[in-house]
Amino acid sequence: MITLRSLTKVFPGGVRALDAVDLTIADGEFFALLGPSGCGKTTLLRTIAGLEAPGSGAVAINGRDVTALPPGRRDVAMVFQDYAIFPHMSVRDNIAYPLRIRKVPRAERAGRAEEVAARLSLSELLGRRPAQLSGGQQQRVALARAIACRPSAFLFDEPLSNLDARLRLEARTFLKRLQRELAVTTVFVTHDQAEALALADRIAVMSAGRMVQIGTPAEVFQRPATTFVAAFIGSTPMNLLRGTSVNGALHVAGAVRAAPAGLGEGDEIVYGVRPEYMNLSETERPDGIPGTVAVVENLGTGALVTLESGDQLVQAVVPEGGEPRLGARRWAVPARSLVYRDGALMT
């Protein structure tokens with residue numbers, strides 16, 4: 001278990017990278033830190049590892065306060081974005097290097113390196129140097145080195161970002177299976193929301209050093225807590241449309257929808273609906289958002305259709321074969337929607 005209490009980090013110049021972060025990560029959990037560049041996710045990971053010292057607050061691993069301990073005494077293993085494997089060492093020596101630092105006997109080091117290499121299909125590569133390996137193989141060497149330490153926690157800093165698209169998908173599946181088999185607490189930093197949704201048991205979406213929302217992938221995807229999270233999560237961004245409460249109903253881009261309780265007359269809101277939950281109608285619907293088809297993007301198994309509705313754009317995903325022609329009139333009808341007031345989700 002990893003526990004963070006009121007963790008704060010301010011860099012010279014007043015840049016607040018972490019702002020009183022409180023977080024508990026359970027034993028064996030795969031936890032993702034997700035957010036745009038500069039949000040504080042890598043600083044948080046490095047603070048857990050001991051590579052950054054917090055200005056205030058505490059870090060505990062398995063109930064032990066490690067805030068003042070150096071990285072080597074925290075019982076964690078970190079995998080970096082560029083893998084950080086030694087070019088002058090063989091695969092075998094790279095895997096065994098942390099054990100060598102800990103003064104583990106040579107025979108035990110060699111045995112553990114071979115055991116981990118076999119698990120990650122690296123046995124035939126033990127004598128090679130990193131320059132003789134592909135990107136995916138180098139990534140597995142970095143993972144093997146971390147596993148060989150048998151740590152209490154794995155810390156991953158965007159380990160898949162240097163791989164090409166196909167290899168990244170394969171590595172993602174491999175990494176999730178491996179973490180399940182090892183049952184080691186894992187903290188995974190990424191800016192790729194697809195990776196976070198696919199891999200994590202829970203996700204923390206970060207912005208400006210704060211946790212904006214923490215939840216399961218389903219919770220974060222289906223009920224984003226703020227418009228920031230709503231715009232950030234999803235392979236196609238959520239439609240966020242301006243609307244107003246009038247006579248107990250929502251008026252949104254030419255559509256009239258039921259209003260949630262708690263809205264007053266004239267209250268301004270943001271109406272959120274994912275393109276995947278939007279249907280297109282050829283006939284006029286009072287609950288549909290009218291628009292003209294401006295763009296049709298092929299997604300392979302379907303298409304992303306963009307409607308121009310006044311000064312707003314509305315997107316919908318339609319199945320293969322259901323693509324409307326450019327310039328056609330359509331009504332976008334939400335099947336599932338959310339309402340935000342002052343940037344926060346209304347419950």
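In the predicted model, Tyr-340 stands opposite Leu-345 of strand S21. This pair belongs to the contact between strand S20, residues 338-341, and S21, where two bridges join the antiparallel strands. S20 and S21 are in turn part of an open, antiparallel sheet of six strands, ordered S13-S12-S11-S14-S20-S21. The edges of this sheet are formed by strand S13 (255-258) and strand S21 (344-345), each of which pairs on one side only.

Another open sheet, also of six strands, follows the order S6-S7-S8-S3-S9-S10, and its pairing is mixed. S6 and strand S10 (210-215) occupy the edges with a single partner strand each, so one side of each is left without a neighbour in the sheet. From one strand to the next, the twist averages 20°. Within this sheet, S7 runs parallel to strand S8 (residues 185-190), to which five bridges join it. Phe-154 has Thr-186 in S8 as its bridge partner.

Two helices were found to lie across strands of the mixed sheet. Helix H1, residues 41-49, lies across strand S3 (30-34), S6, S7, S8, strand S9 (202-207) and S10, and runs at about 150° to S7. Helix H4 lies across S6 and S7, with an angle of about 175° to S6.

The largest nonpolar core comprises 35 residues, of which Ile-95, Leu-120 and Leu-122 touch the most other members. Two or more residues of this core come from each of strand S6 (76-79), helix H2 (91-101), helix H3 (106-119), helix H4 (135-148), strand S7 (153-157) and helix H5 (165-182). Among these elements, H4 gives the most, contributing seven residues. The same helix lies across S6 and S7, and both strands are listed as contributors to the core.

The surroundings of Ile-95 were examined with its neighbours within four places in sequence left aside. On that basis, Ile-95 is in contact with Ala-113, Ala-117, Leu-122 and Leu-126, as well as with Val-141, Ala-144, Arg-145 and Ala-148. One of these partners, Leu-122, is itself named with Ile-95 and Leu-120 as touching the most other core members. A second core, separate from the largest one, contains 33 residues, including Leu-241, Ala-255, Ile-289 and Val-293.

Conventions: Residues are numbered from 1 along each chain as its sequence is written. This is a predicted model: local features need pLDDT of at least 70, side-chain atom pairs count only at pLDDT 80 or more; totals for chains, interfaces and linings use all residues. Side-chain values use heavy atoms; hydrogens and water are left out. Two strands pair if DSSP finds at least two bridges between them. Helices (H or I, at least four residues) and strands (E, at least two) are DSSP runs, numbered from the N terminus. A nonpolar core is a set of buried Ala, Val, Leu, Ile, Met, Phe, Trp, Tyr and Cys residues joined through side-chain atoms within 4.5 Å. Buried means under 20% relative accessible area, exposed over 50%, partly exposed in between (1.4 Å probe, protein chains only). Contact means heavy atoms within 4.5 Å. Axes are lines fitted to C-alpha atoms, for helices over the stretch in contact, and angles run from 0 to 180 degrees between N-to-C directions.
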